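Colleague: I would like to learn how to read strand pairing, helix packing and a chain interface. Could we take them in turn?

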Amino acid sequence: MKKSIIRIASFILILGIILWKVNSILSFKFADGNSILADFYRLEKNTVDVVTIGSSHAYANFNCGVLWDEYGIASYDLASSMQPTWNSYYYLKEALKTQQPELIVLEGFGTSFDIDYSNDSRIVKNTYSMKWSRDKIEAITVSATEERKQEFLLDYARYHNRYATLNRGDFFPESEYLDSNNYWHYMDTMGQYLFDQFRRMEIMDVSKIHEPEELNEKAEEYYRKTIELAQENNIPIVVIVAPYALTEEDQRRFLRAEEIAEEYGVKFLNTNLLLDEIGINTARDYHDDVHLTVQGSRKFSLYIGQYLKENFEITDRRGDERYGAWDRCAAYTEQFRKNMILKNATSLDKIAKRLSNQNYRLLISLDGNADAEDEVIGDFLSQQGIDPASSNVMWMKEGKSMIWEFDGEEAKQYMSTKLHDICMKRVPEGDGIYSNKIIVDKKEYRKVDNGLNVVVFDTLTDRVADSFGIDSDNNYSIVRI
Amino acid sequence: MIFFPVVLALYFVIPKKARTVWLLLASYYFYMSWNAKYAVLIGFSTLLTYGSGILMDGLADRKVRDVQGRKKLILAVCILLNLGILAVFKYGNFTIESVNKILNILHIRVIEGRFNLLLPVGISFYTFQALGYIVDVYRGDVKAEKNLLRYALFVSFFPQLVAGPIERLKNLLSQMKKITEIKLWNARRVASGAILMVWGFFMKMVIADRVAILVDTVFNDYRMYGSTELILAAIGFSLQIYCDFASYSMIAIGAAKIMGFELMENFNTPYFARSIRDFWSRWHISLSTWFKDYLYIPLGGNRKGNLRRMVNIMIVFLASGLWHGAGWSFVVWGGLHGMYQIVGDVLQKPKERWRQKFSVKTDCVSWKLSQMLVTFALVVFAWIFFRADSLKEAVGFIERMITRPTPWLLFNGGIYELGLDRVEMNILVVSVVILLAVDLIRYVRKQTLDAFLFEQNLWFEWTVVIVLIVMIFVYGKYGPAFDPKQFIYFQF
């Protein structure tokens with residue numbers, strides 16, 4: 001009897017461990033929701049000073065790197081895609097279980113929502129990473145309709161069949177990865193999501209609107225509860241609406257939300273009325289209707305950091321060794337911004353200057369009938385410290401040092417970074433002709449047939465920062481597509 | 001998912017004398033969770049057969065005149081009433097439609113109206129089980145059960161209530177009589193039952209519900225497909241119905257075993273059968289032996305000459321077809337199997353001569369394999385009628401199978417466009433290999449999975465069970481993205 005009990009207990013234990021692991025592999029890890037909370041749980045206790053809760057407007061615009069670098073604010077964007085106020089409330093509850101922030105920032109977009117329930121994908125992104133507790137159950141039941149609550153509570157049943165979409169992040173959730181929606185995740189960005197492509201935006205002037213409009217009943221209820229929760233915990237809270245292409249109706253609701261904030265003696269800042277002060281360039285700082293690029297979020301966060309410092313007491317943590325993660329976040333964010341500038345540079349001269357970045361590894365190949373001694377190409381190569389007169393046709397450089405160079409013969413070289421595999425090779429095509437190949441993670445980068453093909457690999461963000469061709473057939477134009 | 005552990009936990013905790021009542025309550029709760037009204041039907045059948053049994057036994061004891069005649073009368077009334085219920089609920093609309101068709105031909109006004117009844121789940125199973133009992137009592141093979149609660153539990157025992165196996169009084173009721181002697185804890189028995197349940201869930205959730213996607217895709221739209229897809233779908237359905245039906249029996253056997261009851265084996269590697277007769281000794285064994293005991297033998301079996309034997313075989317198989325479903329395609333399915341057997345018997349002698357003439361070796365794997373393949377092909381062909389929505393659809397399906405060859409789809413990846421992509425198809429193939437291995441163990445070593453695993457080293461036993469459980473959790477078809485299919489045999 002005793003023996004069989006031990007046996008069964010051991011079996012159940014092993015099975016339990018395996019199923020637990022299987023569950024963690026299969027669980028959703030959407031970068032615009034689930035992984036943000038999952039990463040938050042991994043932070044050292046009581047290190048975050050400013051917790052920013054809200055929707056994507058929070059994680060795309062509140063640039064934690066800039067807030068750290070410029071003001072020493074240790075902040076975290078505890079946000080999730082299209083987060084309604086009821087999920088903000090439960091996110092705050094969750095945050096207070098492990099952190100004692102000096103300030104809570106509620107991004108105010110959620111107050112303008114006129115919905116009573118979330119859609120399926122948003123329920124998943126806003127609740128599924130919460131650790132099991134009564135709060136998680138409440139967060140799910142408040143998000144789903146009465147008939148469908150149970151369906152969402154049985155979370156495993158919803159994601160067990162996503163095995164065909166598994167990728168690196170499912171096995172190594174703390175690494176950098178692309179989620180199943182192709183959103184990128186990097187743990188040390190403190191919840192923020194960085195965009196590097198911009199779009200020209202027309203932003204409506206809402207400064208003339210003064211008539212408030214009632215909020216959705218449920219949105220208001222949880223908006224109030226969020227403020228009350230912060231105040232019950234004696235933590236200052238501020239409501240900030242980040243820049244986006246808002247509508248007249250949104251603005252009316254923000255006016256009402258501001259009135260409610262004032263009832264509680266809470267500051268309310270609608271930055272859509274401050275675009276000029278912040279210096280937002282509507283032509284280049286928006287990624288889309290509702291998110292800023294990393295350039296835009298930098299400007300926005302410089303302004304916000306100043307505002308927070310002036311209005312609240314926030315400790316400057318720079319130099320504290322417990323905050324190494326924020327140092328990495330700042331370095332990463334800044335490098336990401338530099339990469340964005342490089343990627344959007346269109347003149348060869350500007351590109352050449354940007355390439356002197358110490359983090360860049362350059363992979364260059366001279367292709368087709370292009371001649372290294374040709375003036376434009378020769379100049380570009382010289383700027384990169386390469387002798388155009390040599391017989392080489394492929395080069396790999398890191399910083400100022402040359403790692404490899406190939407001449408006309410068949411050759412290949414491999415290199416691996418933390419997460420990527422790079423290959424440069426010359427392969428025979430028959431009849432004594434060779435062709436060059438630059439391959440990163442099995443993908444070949446080749447923009448022009450005749451000219452220079454350049455791949456810029458950034459070792460800090462561990463990704464291809466840019467790839468372009470200099471087309472010698474077409475007046476040395478820059479080709480990126 | 002919660003029902004069984006709760007029932008089991010209390011079953012082991014409550015006083016031994018209360019076990020029968022507890023299981024009976026659990027069984028009725030289980031049944032009523034489909035539809036509370038069904039309980040009236042099963043209750044009526046139970047009381048009817050119970051009462052008839054007692055009456056018959058009473059007659060024998062009181063030595064009244066014409067005992068046999070009266071017993072016959074009771075039996076006839078009892079059978080007619082039971083079959084009557086079955087006929088109304090299961091075959092009512094089928095009968096009306098069939099009569100209408102005939103009347104239509106004769107230009108007579110068609111009968112209006114239809115029964116608007118839901119087919120009670122498991123009605124064919126428990127009705128047959130109860131009928132088996134009453135015939136046994138009539139024949140004097142068993143004594144009538146006096147304890148109503150125990151008898152009610154025999155008819156409604158929840159593990160096998162809705163999809164078999166169809167148990168016999170001798171086997172199950174005698175175990176129920178000793179219910180108080182069942183030991184609370186027997187690790188091997190419990191583990192054995194649990195393994196069988198895991199295997200059942202694997203067959204159902206990983207294989208049957210997965211291959212069902214391909215089968216449904218093709219069968220529901222068969223006019224869009226050619227021979228390769230149609231043959232694949234027919235083979236797929238053979239796999240689906242085996243895994244679906246056998247899984248339910250397996251789960252029932254496992255669950256009963258955990259509680260200390262041994263149910264009869266219902267499927268024994270049917271697709272390894274080397275003849276149609278062999279197939280029926282391996283497929284839904286509890287039903288085929290039921291038909292043999294209570295229909296074939298009473299009809300005279302093979303004691304009344306060759307022609308009569310053939311007629312009897314046809315009657316049994318047509319009845320079996322009708323038992324499986326109220327529709328002409330099921331009758332044709334049954335008829336085909338009957339015909340296969342009769343033709344097989346007729347060809348027996350010529351085949352023997354032919355074998356001798358060409359010196360065909362029969363004591364070798366290749367011969368046995370070819371027999372299996374031929375039998376399997378015949379069975380698959382018959383399944384088309386079983387699965388098709390109507391007789392007309394089945395004929396259309398077969399016609400396309402012959403006239404629309406699409407062999408290239410086997411090579412150019414076309415088979416991955418039938419509802420199962422490469423990943424799903426790979427999972428299916430791996431699962432079927434596991435199924436084949438388990439069936440081979442049963443076939444060659446005559447061991448069920450639990451018995452085989454107990455003979456192995458612990459690490460292997462645990463690895464196999466854990467792999468199966470993980471596969472069910474991950475690859476099982478369940479959850480909101482996919483409506484788990486009802487066990488397709490529930491309504492037969």
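Modeller: We start with strands, and note that this is a predicted model. In chain A, strand β11 (residues 411-416) and strand β12 (residues 421-430) run antiparallel and are joined by six bridges.

Colleague: What joins β11(A) to β12(A) along the chain?

Modeller: A hairpin does, through four residues. For the register, take A:Lys412, which stands opposite A:Lys425 in β12(A). In a regular strand, side chains alternate between the two faces of the sheet.

Colleague: How is a pair of packed helices described?

Modeller: By the angle between the axes and the distance between them. In chain B, the axes of helix α10 (residues 227-258) and helix α16 (residues 391-403) come within 8 Å and cross at roughly 130°. α10(B) and α16(B) are therefore oblique to each other, and their crossing is left-handed.

Colleague: Which residues make the contact of α10(B) and α16(B)?

Modeller: B:Ser227, B:Leu230 and B:Ile231 come from α10(B), and B:Phe397, B:Arg400 and B:Met401 from α16(B). By class, this contact has four nonpolar residues, one polar and one charged.

Colleague: And the interface: how many residues of chain A are in contact with chain B?

Modeller: The size of an interface is often given as accessible area lost. Here we use contacts: 17 residues of chain A are in contact with 14 residues of chain B. On the chain A side, the elements giving two or more residues are α1 (2-26) and α9 (155-159). α1(A) gives the largest share, nine residues.

Colleague: How do the residues on that side of chain A divide by class?

Modeller: Into 12 nonpolar, three polar and two charged.

Methods:
Residues are numbered from 1 along each chain as its sequence is written. Chains are lettered from A and ligands numbered from 1 in the order in which they are written. This is a predicted model: local features need pLDDT of at least 70, side-chain atom pairs count only at pLDDT 80 or more; totals for chains, interfaces and linings use all residues. Axes are lines fitted to C-alpha atoms, for helices over the stretch in contact, and angles run from 0 to 180 degrees between N-to-C directions. Angles under 35 degrees count as roughly parallel, over 145 as roughly antiparallel, 65 to 115 as roughly perpendicular and the rest as oblique. A crossing is left-handed if the near helix is turned anticlockwise from the far one by less than a right angle, and right-handed if clockwise. Two residues are in contact if their C-beta atoms, placed from the backbone, lie within 7 Å. Ala, Val, Leu, Ile, Met, Phe, Trp, Tyr, Cys and Pro count as nonpolar, Asp, Glu, Lys and Arg as charged, and the others, Gly among them, as polar. Two strands pair if DSSP finds at least two bridges between them.
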